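I opened my notebook to work through one structure entry by entry. Here is what I looked up.

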Amino acid sequence: MTPFEWGILAIVALGFVVPAWIVAFGFLARSRRPEAEEPNKRYFAYAALLQSLHAQMDIKTRTVRNGPLFAATVRELANYPEYRTLSVLFLEEITVTGTKKFDNVVRAELKAVEAGLLDAADA
């Protein structure tokens, strides 16, 4: 191979290898950076959570349609400490009067989440 051919080979190799490494390092740096969150994303998720809680309650009979789902949804309220005052007010309005297993689970979950939110407010 002549020096000219070596030069062309080196230029082609650098032309493909260097940009490939730049792209690879760019993707790596971008993947390590935390995702920029949409400002209202948490609000809409919290609003959907409250709407789900409201939809699970039968207003006429004042009962919960699905106890385990309701308990799990109540537990999710703890993930939104910025809305703790609204969550506590909402939880205080819920009264569980039944004595079945899931009624006890929901009652315990309501108390635990409310206590956790109030403790987070004190911290």
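**Entry 1: Terms and ground rules.** I call a residue buried under 20% relative accessible area, exposed over 50%, and partly exposed in between, with a 1.4 Å probe and protein chains only. The model is predicted, so I noted its limits: local features need pLDDT of at least 70, side-chain atom pairs count only at pLDDT 80 or more, and totals for chains, interfaces and linings use all residues. Residues are numbered from 1 along each chain as its sequence is written, and side-chain values use heavy atoms, with hydrogens and water left out.

**Entry 2: S87.** I asked whether S87 is buried or exposed. S87 is buried, because its relative accessible area is 0%. I found S87 in helix α4, which covers residues 84–92. Helices here are DSSP runs (H or I, at least four residues; strands are E, at least two), numbered from the N terminus. Next I looked up its contacts, meaning heavy atoms within 4.5 Å. S87 touches Y46, L77 and L117, leaving out residues up to four places away in sequence.

**Entry 3: The core.** A nonpolar core is a set of buried Ala, Val, Leu, Ile, Met, Phe, Trp, Tyr and Cys residues joined through side-chain atoms within 4.5 Å. How many residues does the largest one have? It has 16 residues. F70, V74, L77, L91, L110 and V113 have the most contacts inside this core. At least two core residues come from each of α2 (41–56), α3 (67–76), α4 and α5 (101–122). Helix α5 gives the most, with four residues. I added a general note: in soluble globular proteins, nonpolar side chains tend to be buried together.

**Entry 4: Two core residues.** I checked L91 and L110 one by one. L91 touches V74, L77, L110, V113, E114 and L117, not counting residues up to four places away in sequence. L110 lies in helix α5. L110 counts as buried because its relative accessible area is 6%. With the same sequence neighbours left out, L110 touches V74, L91, I94 and V96. L110 and R75 are 35 residues apart along the chain, yet their C-alpha atoms are separated by 7.9 Å.

**Entry 5: Salt bridges.** A salt bridge is a side-chain nitrogen of Lys or Arg within 4 Å of a carboxyl oxygen of Asp or Glu. I counted two by this rule. E82 pairs with R42, and their closest N and O atoms are 2.8 Å apart. E82 sits in the loop between α3 and α4 and R42 in helix α2, so this pair ties together parts that are 40 residues apart in sequence. E82 is partly exposed at 43% relative accessibility. R42 is partly exposed as well, at 29%.

R75 forms a salt bridge with E109, with closest N and O atoms 2.9 Å apart. R75 is in helix α3 and E109 in helix α5, so this pair ties together parts 34 residues apart in sequence. R75 is exposed at 52%, whereas E109 is buried at 11%.

**Entry 6: Aromatic rings.** Rings of Phe, Tyr and Trp (its six-membered ring) pair if their centres lie within 6.5 Å; planes under 30 degrees apart count as stacked, over 60 as edge-to-face and the rest as tilted. I get four aromatic pairs by this rule. The rings of Y43 and F44 have centres 5.2 Å apart and planes at 65°, so this pair is edge-to-face. Y43 is partly exposed, at 43% relative accessibility. Y46, Y80 and Y83 form one aromatic cluster.

**Entry 7: D103.** D103 lies in helix α5. D103 is partly exposed, with a relative accessible area of 24%. Leaving out residues up to four places away in sequence, D103 touches V96 and G98. How far is D103 from L117 in space? They are 21 Å apart, C-alpha to C-alpha, and 14 residues apart in sequence.

**Entry 8: A surface patch.** Patches are made of residues with over 30% relative accessible area and no salt bridge; like charges are joined within 9 Å, nonpolar side chains (Val, Leu, Ile, Met, Phe, Trp, Tyr) within 5 Å. Accessible areas come from the Shrake-Rupley method with a 1.4 Å probe, and for residues only the protein chains shown count as cover. F4, I8, V12, F16, V17, W21, F25 and L28 form a nonpolar patch on the surface, and together they have about 870 Å² of accessible area. I looked up F16 by itself. F16 is in helix α1, residues 3–32. F16 is exposed, because its relative accessible area is 63%.
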